[in-house]
Each structure stands twice: as structure tokens, then as C-alpha cells.
Amino acid sequence: MSRASLRRSFETTRGKPLVNEKSDRYTPRQMSDLTDLGKRIADLNGEMARGLAEASDVQTLERFRVEYLGRKGRIAQLFRVLAEVAPDDKREAGRLLNELKDGATSAFEERAARLTSSELQERLLRESVDVTLPGVCRPFGHLHPLTQVQREIESIFMRMGFDVATGPEIETEYYNFEALNIPADHPARADWDTFYISDTTLLRPHTSPVQIHVMESTPPPVRIICPGRCYRRDAQDATHSPVFHQIELLWVEEGLSLANLKYVLELFTREFFGEGYLMRFSGDFFPFTEPSVQVHIKAPGAAGWMEIMGAGMVDPAVLTAVGYDPECVSGFAFGLGIERMAMLKYGIDDIRAFLTNDLRFIRQF
Ligand code: PHE
């Protein structure tokens with residue numbers, strides 16, 4: 001080709017009217033755009049159909065829906081092609097794209113509805129309650145037999161007008177001994193010497209120190225019962241336990257005598273054990289009572305007497321120690337073992353049963 005013709009052809013090409021040039025160049029691309037779009041739509045539809053079938057729960061389906069139908073999703077992206085499509089084809093391209101979008105939207109909705117209802121179905125099935133099944137029985141506990149007996153005794157005396165008072169389990173020697181008329185060199189100390197915590201404090205061997213605490217802080221009349229745990233230097237056997245429970249009773253007022261004690265005890269015996277019991281006093285010794293007695297009862301028809309407590313008239317020395325005037329007031333006291341009362345009432349022959357936590361025993365009460 002000659003230089004002139006090259007130039008002409010260059011010029012000719014360059015000199016072509018713009019419209020012609022454009023239509024020349026775009027005709028083949030327009031064709032491929034629509035075909036191409038159709039193919040891409042078919043591909044997307046195929047992919048979506050597979051994904052829809054595979055999405056087995058609502059969450060997966062939602063992620064999938066956003067990928068295709070979201071604002072920046074694959075379908076929205078495909079819509080951009082519209083800008084490049086020839087004006088004549090825009091209508092058809094738009095129709096195809098809208099058809100894709102509408103079809104996809106309803107396919108997702110349908111699938112979502114089906115998944116939701118089957119998930120709901122599954123949940124209903126999973127969470128359904130079979131009201132015909134036997135229920136789970138939660139066992140009820142109950143109070144320990146000792147607590148029951150303690151409360152029963154408390155309630156009997158509360159009905160007679162006594163208040164319940166308690167005191168510390170670790171006592172000083174003063175409350176445990178001196179104030180109860182047991183000086184340091186008194187042989188009776190040996191009976192109540194228990195477990196010392198320090199040189200002057202010990203685990204109380206009886207509830208009598210509570211009497212002192214109450215009388216020190218209350219002017220007469222005093223009418224109390226004092227339940228509580230006690231400790232003794234006793235080896236464990238069927239009738240002894242180094243840990244046990246007592247209930248102390250104290251009534252101090254003008255003009256009380258042993259006859260009042262007897263009457264109170266008769267009332268108590270009738271309430272706690274039942275009708276027809278006989279009661280007798282026999283002489284005993286306690287440093288804090290004068291006179292001191294041992295109380296026995298005999299069940300109707302029974303041969304033997306059972307000792308139920310130690311008791312007596314409060315020793316004037318005890319009243320003086322707490323600042324009461326023994327010329328004006330007198331009183332009586334007793335101390336009973338709760339275990340012993342429970343054993344007598346229910347025919348339990350081994351004190352250890354209360355502490356071994358054997359449910360076969362405990363459940364009988
Ligand atoms: N404290 C005595 C004891 O433990 C019992 C008792 C209390 C005796 C009150 C008389 C008066 O053995």
C-alpha cells in the first residue's frame with residue numbers, strides 16, 4: 001500500500017461520520033450483550049436453585065438471600081449491565097433482569113416459609129410435653145427428730161407462759177461454775193469439766209449457764225426455757241454421747257415452792273408423754289439447787305421408773321450471784337436431755353441413731 005493510500009485510508013476512517021462509526025462498532029457487541037445477559041441469568045438461576053435446595057436452616061438461607069438479593073448482591077450487580085446495553089435492547093434486558101429478580105424473590109420467600117414452618121414443626125415436636133408421663137417426684141425433707149422433739153417441748157412450755165432463751169456454747173468458767181455455786185476447788189467440777197478452749201473457757205456441759213445470763217440482765221420474775229447443744233467428756237455408747245442437747249427451765253418469782261415445780265412437771269408429762277403417767281421425785285445433789293431432785297416417770301402399765309431430769313429449787317447462792325434477793329424471790333429449775341426424751345417417747349434404744357444420718361432411721365419421724 002502506497003503512503004498516499006495509507007494516509008487516505010487513515011483519513012477516510014477518521015473522516016467517517018460519528019454515527020456510522022458508532023453503529024458499526026456496536027452492532028456486534030449489542031448482540032453478544034443480550035445473549036451474554038441471558039446466559040448469565042441462566043447461570044445465576046442455576047446457582048440459586050442449588051443453593052436454595054441446600055439451605056437447610058433459616059440463617060443459612062438468609063445469608064444466601066443477601067448474597068443474591070441484597071442491595072449490593074449479585075442480582076443488583078447484574079442490573080448494572082443495563083447501562084451498557086443498546087437502547088433497542090434495554091427493554092428486553094430490563095424485562096429479563098426483572099424477571100430474574102422477581103423469580104428469585106419469590107423462590108427465596110417460598111423456601112423461607114417452608115423452612116420456618118418445618119423448623120417450627122420440629123421445635124414444637126422437640127419441646128412438646130407429654131402430660132401423660134409420670135411426673136418427677138421431688139422428695140420433701142422434714143425436721144430432724146431431735147428438732148421436732150425440741151420444738152414440741154418448747155411449744156408445751158411456751159403455752160404455759162415460758163419464753164425461749166439461748167446462750168453461747170463456749171462458756172467462761174464463771175458462768176459455767178462459779179455463778180452456779182461451783183467454786184474452783186469443788187469436787188462437783190469434775191462432773192462438768194469438759195473440753196477447754198482456753199484456760200478459762202470451755203464447751204458448756206449443760207445449759208444452766210444460760211440461767212445466769214438471763215437473770216443478770218432481767219429483773220424477776222423470770223420464766224424461761226433454754227434449749228441448746230452441750231458437750232461432755234463421755235465416751236460414746238448406746239446411752240452416752242459427747243455432744244447432746246438439753247433444755248433448761250427456770251422460773252424465779254415470789255413465793256414459788258417445790259409444789260409449783262411438781263405441778264409444772266405434771267402438766268408437761270401429760271402433754272409430752274400422754275395421760276396416766278406416774279411421777280416421783282427422789283433426792284439428788286446439784287450445787288446450784290437446794291433441795292435437788294431427780295424426776296422419774298412410769299408409763300401406764302409399765303414395771304420400771306424412767307429418770308427424765310434433774311431439778312430443784314434454785315440455790316440462794318445462785319440468786320445472790322446474779323443480784324437477786326433470795327429473801328424476796330425463790331425459784332426452781334430443771335435440766336432435761338432432749339435425746340433422752342425422744343428415746344423414751346419413741347422407744348429408741350441407741351442415742352447414736354440421732355447423729356449417724358441414716359435415712360432409714362430419720363424417715364420414721
Ligand atoms: N445442769 C444439770 C445437769 O446438766 C441439770 C439441772 C438443771 C439440775 C437445773 C437442776 C437444775 O446435769
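## A walk from the pocket outwards

The largest pocket holds about 920 Å³ of space. Keep in mind as you look around that this is a predicted model.

Let us begin with the walls of that pocket. Its lining is made up of 38 residues, and those nearest the centre are Arg 232, Phe 244, Gln 246, Glu 307 and Arg 340. Sorted by class, the lining counts 17 nonpolar, 13 polar and eight charged residues. Which helices and strands each supply at least two residues of this lining? On the helical side they are α8 (189–192), α9 (208–217) and α12 (338–346). The strands are β5 (243–253), β6 (278–286), β7 (289–298), β8 (306–314) and β9 (330–337).

Now turn to the ligand. It is surrounded by 14 residues, with His 206, Ser 208, Arg 232, Gln 246 and Gly 335 the closest. Two of the names, Arg 232 and Gln 246, will be familiar from the centre of the largest pocket. Three side chains are worth picking out for their polar atoms. That of His 206 places a polar atom 2.9 Å from a nitrogen atom of the ligand. Ser 208 likewise has a polar side-chain atom 2.9 Å from a ligand nitrogen atom. With Gln 246, the partner is an oxygen atom of the ligand, 2.9 Å from an N or O atom of the side chain.

From here, follow the chain into strand β4 (residues 222–231), where you will find Cys 226. Is Cys 226 buried or exposed? Its relative accessible area is 1%, under the 20% cut-off, so Cys 226 counts as buried. Val 214 is 12 residues away from Cys 226 in sequence, and their C-alpha atoms are 9.8 Å apart in space.

Helix α6 offers a simple check of geometry. Its 15 residues, 145–159, should span 21 Å at 1.5 Å a residue, and the end C-alpha atoms are indeed 21 Å apart, so the two values agree. Several residues of α6 are buried: Pro 145, Leu 146, Val 149, Ile 153, Glu 154, Ile 156 and Phe 157. After the helix comes Gly 161, with a positive phi near 105°.

The backbone has some further details to look at. As a rule, most peptide bonds are trans, and most residues other than glycine have a negative phi. Where does this model depart from the trans form? One cis peptide bond runs from Pro 220 to Pro 221, with omega near 5°. Pro 221 sits in the loop between α9 and β4. Another cis bond joins Glu 290 to Pro 291, with omega near -5°. In this case the proline, Pro 291, belongs to strand β7, one of the strands that help line the largest pocket.

Two asparagines carry a positive phi. For Asn 181 the angle is about 65°, although this residue is not a glycine. Asn 181 lies in the loop between α7 (173–176) and α8, and its relative accessible area of 26% makes it partly exposed. For Asn 357, also not a glycine, phi is about 60°. Asn 357 is placed in the loop between α12 and α13 (359–362). Its relative accessibility is 56%, over the 50% cut-off, and therefore Asn 357 counts as exposed.

Key
Residues are numbered from 1 along each chain as its sequence is written. This is a predicted model: local features need pLDDT of at least 70, side-chain atom pairs count only at pLDDT 80 or more; totals for chains, interfaces and linings use all residues. Side-chain values use heavy atoms; hydrogens and water are left out. On a 1 Å grid over the protein atoms alone, a cavity is a set of points where a 1.4 Å probe fits but cannot get out, and a pocket is an open set with protein on both sides within 12 Å along at least five of seven lines; lining residues have an atom within 4 Å of a point. Grid points are joined across faces, edges and corners, and a volume is the space filled by probe spheres set on the points. Helices (H or I, at least four residues) and strands (E, at least two) are DSSP runs, numbered from the N terminus. Ala, Val, Leu, Ile, Met, Phe, Trp, Tyr, Cys and Pro count as nonpolar, Asp, Glu, Lys and Arg as charged, and the others, Gly among them, as polar. The expected span of a helix is 1.5 Å times one less than its number of residues. Buried means under 20% relative accessible area, exposed over 50%, partly exposed in between (1.4 Å probe, protein chains only). A residue is near a molecule or strand if one of its heavy atoms lies within 4 Å of it. A polar contact is a pair of N or O atoms within 3.5 Å; within protein, one must be able to donate a hydrogen and the other to accept it, and residues adjacent in sequence count only if both atoms are side-chain atoms.
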